[in-house]
Amino acid sequence: MKFDTIIRNGTIITATDIFRGDIGIKKGKINKIGISLDEDGDITIDATGKYIFPGGIDPHTHLDMPFGGTFSSDDFETGTIAAACGGTTTIVDFAVQPKGANLKETASIWREKAEGKAVIDYGIHMNITNMDDEILNEIPLMIKDGYPSFKVFMTYEGMRVDDGILFKTLKQVNESGGLTCVHAENFHIIKCNVERLLNEGKIEPKYHAISRGPLVEGEAVGRAIKIAKMAEASLYIVHNTCKEAVDEIARAREEEYPIMGETCTQYLLLSEDEYFKDGFEGAKCVMSPPLRNKENFKYLWKAIRNNTLQVVATDHCPFFMKQKELGKESFDKIPNGAPGIELRMALLYTYGVLNKEISVNKFVEVTSTNAAKIYGMYPKKGTIAVGSDADLVIFDPKKEVDITSEKLHENVDYTPYEGFKLKGFPEVTLSRGEIIANKGEFVGKIGRGEFLRRNSPIIL
């Protein structure tokens, strides 16, 4: 038998194993793994001196998303190209329910955004903003149709749900075999803080962070967990930033409740110091929850090591500085979000693995395998095994890169990681056996990405 592609002499790394070997790919799947495979391939890739990781999975992205009168600047074409160049081969994006639309209609809107544009495979979370009995009854149908994950906001005017709706959502989703995700911040405290600060004439970006401190997040995380307990439901808490939030998750997991969580690259590497830069520079990092004090870095890394947090995502939601200037006269009008989809894998390798915060196996776990399990894609995605999709990253651990926004493919005019130095970077990215990025440049076909109908979650 002849393979379509064979990768030779790489160091294959999964969440549990490290070994030297070859990988044979046939019809988009991993067909054979072994040492010095006898078969040839139509394409042969020499991975000597390189690592082979499962393709990255970023389960928290916001492409072409409406926010505050504008849209995030990466659509499904530019955003997934950036992802591919950075070693990510699958995303799960949030379809935000417009007022008056049901969940099926919302899914169709997002599928239309992605079709003919996405260059990597993608799933869709249903982001409920307007719950009634019709929507509640629609949840089991959406899960059967391959949309098993649902998100609700506990903050944001016009999008948030109250505690009662959160309880109903958790119960219905859980009983139907799905998973509820929550953005946890205390809406009422934020609203009071914002009104007070603006009345005092405090309009600069730094006051965004001051208005929604760590306890605002920690209280909401704790409350969401208690509501999940009352609903007897599993819960996944997105983008945890601080000790106050992590402690709540750790306590629940110690009590053996099915509570899971993620953090994001920015919360491990960037601090609230970004908000105190001259002029309007701080707006670049206005996101919710905001960046925190550097002391939180060690708590987040520890939470990753001990499995309190299972995933490192990006919450990729970029806006051009011109868009950010919508909030120049009032920090609460700054579009929330920042870019990060392209650099996640390399940043976590450099500042996580090389700095000995996490092992290389844990790196694979939190960038790919756990997301595949939690969001119903495993073992099709998230591992290197016979029968799995040939979503692979050939990673050069010696390649050094100084980050500048000009080098990146994200459709935005800055990166919050400007000037960071990397050691280790993706050399080749394969999606279902196709080489789609090579030496930092996209070489695939626009629109080749496929929608993923996902299964029920594995609770970790």
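1. Let's start with one residue, S388. Its relative accessibility is 2%, and buried means under 20%, so S388 counts as buried. Keep in mind that this is a predicted model.

2. Where does S388 sit? You'll find S388 in the loop between α13 (360-374) and β16 (392-402). And what does S388 touch, once you skip residues up to four places away in sequence? The partners are K29, I30, P379, K380 and T383.

3. Now zoom out to the annotation. UniProt, in an unreviewed entry, places the feature "domain: Amidohydrolase-related" at residues 51-433. That span is 37% helix and 19% strand, and its end C-alpha atoms lie 17 Å apart.

4. Next, the protein as a whole. If you count along the chain, you get 13 helices and 19 strands. The radius of gyration is 21 Å, close to the 23 Å that the globule rule gives for 460 residues, so the protein is as compact as a globular protein of that length. Taken along the principal axes, the C-alpha atoms fill a box of roughly 70 × 50 × 45 Å.

5. How much of the protein is buried? Buried residues make up 63% of the 460. Look at the contacts too: among those with a separation of 6 or more, 76% join residues 24 or more positions apart.

6. Last, the surface and the charges. The protein exposes about 17200 Å², and carbon and sulfur atoms supply 49% of that area. There are 57 positive and 67 negative charges, and the mean positions of these two sets are 2 Å apart.

Key:
Residues are numbered from 1 along each chain as its sequence is written. This is a predicted model: local features need pLDDT of at least 70, side-chain atom pairs count only at pLDDT 80 or more; totals for chains, interfaces and linings use all residues. Side-chain values use heavy atoms; hydrogens and water are left out. UniProt positions are given in the numbering used here, feature names are shortened, and annotations may be inferred rather than shown by experiment. Helices (H or I, at least four residues) and strands (E, at least two) are DSSP runs, numbered from the N terminus. Buried means under 20% relative accessible area, exposed over 50%, partly exposed in between (1.4 Å probe, protein chains only). Contact means heavy atoms within 4.5 Å. The radius of gyration is taken over C-alpha atoms; the globule rule is 2.2 Å times the number of residues to the power 0.38. Accessible areas come from the Shrake-Rupley method with a 1.4 Å probe; for residues, only the protein chains shown count as cover. Lys and Arg count as positive and Asp and Glu as negative; His and the chain ends are not counted. The place of a charge is taken as NZ of Lys, CZ of Arg, CG of Asp or CD of Glu.
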